[in-house]
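Me: I've got a chain open on my screen and would like to learn how to read it. Can you walk me through a few features?

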Amino acid sequence: MSAEVIAELVSELGPLWHERHQARLVSRPRKRAVGAGAKHQLVFIDRLLATLVHLRHGATHDVLACWFGVDRSTVSRAIGEVRPLLAERGCTITLGLRLRTLAEVIDHLGSSGQTGIIDGTEIRVRRPAAGRKDRDKYISGKNKQNAVKAMVLTNADGRMLFCSPAQPASCADITHARQLGLVKHLADGPAVEILADAGYQGLGAQTGGRVVTPPHRKFKKNPPDW
């Protein structure tokens, strides 16, 4: 976005923001003298820039707070105030499909006729404190390090649709998928094909072949029908 466009937005939206801010102050009982109280940590142009970066690049409020040297709540409040002004001017983004649960993802893949891909990913963490009773559960059998694990589901193009809550890394991939209810969602939901690696062998038999994995070595010559 050019400097001319930003200057135009500041000149158009700045007075509107100031007017609404003053209206909010007038609408509630005054407990301080005029001009007293904390001053704004972000001037309007910074509030506008933070909102534009958030909308254009998806930068989180925490990241923007670090960039501008303010608290996260300040950035959240600024975006909440400026975004409606941009929307009234026609500067907005189209809301996409929001999938919040694994069941919604399965239904979306079925209705759109897409193929899903699942895999487990491990994130290394600090070793739990000594004396913690579940300390050994965080040791990954594959990487021999302390980690947590999440199951990620994408479509065939690699777009992430679902990421599960973190689980101690000692949990096997297939066990984690069962705990998340993947077998039940596939059995009760639409006919969806899910591609997976060898860590999920066994789910194919439980889901009627909806989870496709590399054949087990004992099935290489005579693979089952599913």
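Here is a short walk through the fold, one helix pair and a surface patch.

Reply: Before we start, this is a predicted model: local features need pLDDT of at least 70, side-chain atom pairs count only at pLDDT 80 or more, and totals for chains, interfaces and linings use all residues. Residues are numbered from 1 along each chain as its sequence is written, and side-chain values use heavy atoms, with hydrogens and water left out.

Me: How many helices and strands does the chain have?

Reply: Helices (H or I, at least four residues) and strands (E, at least two) are DSSP runs, numbered from the N terminus. Here you get 8 helices and 6 strands, in the order α-α-α-α-α-β-β-β-β-α-α-β-α-β.

Me: At what angle do helix 3 and helix 4 pack?

Reply: Axes are lines fitted to C-alpha atoms, for helices over the stretch in contact, and angles run from 0 to 180 degrees between N-to-C directions. Helix 3 (residues 61-68) meets helix 4 (residues 72-89) at about 105°, with the axes 8 Å apart. The pair is therefore roughly perpendicular, a label for 65 to 115 degrees. Touching residues (heavy atoms within 4.5 Å) include Leu64 of helix 3 and Ile79 of helix 4.

Me: Is valine 212 buried or exposed?

Reply: Buried means under 20% relative accessible area, exposed over 50%, partly exposed in between (1.4 Å probe, protein chains only). Valine 212, in strand 6 (residues 211-212), is partly exposed because its relative accessible area is 32%. Across the 226 residues of the chain, 32% count as buried.

Notes
Angles under 35 degrees count as roughly parallel, over 145 as roughly antiparallel, 65 to 115 as roughly perpendicular and the rest as oblique.
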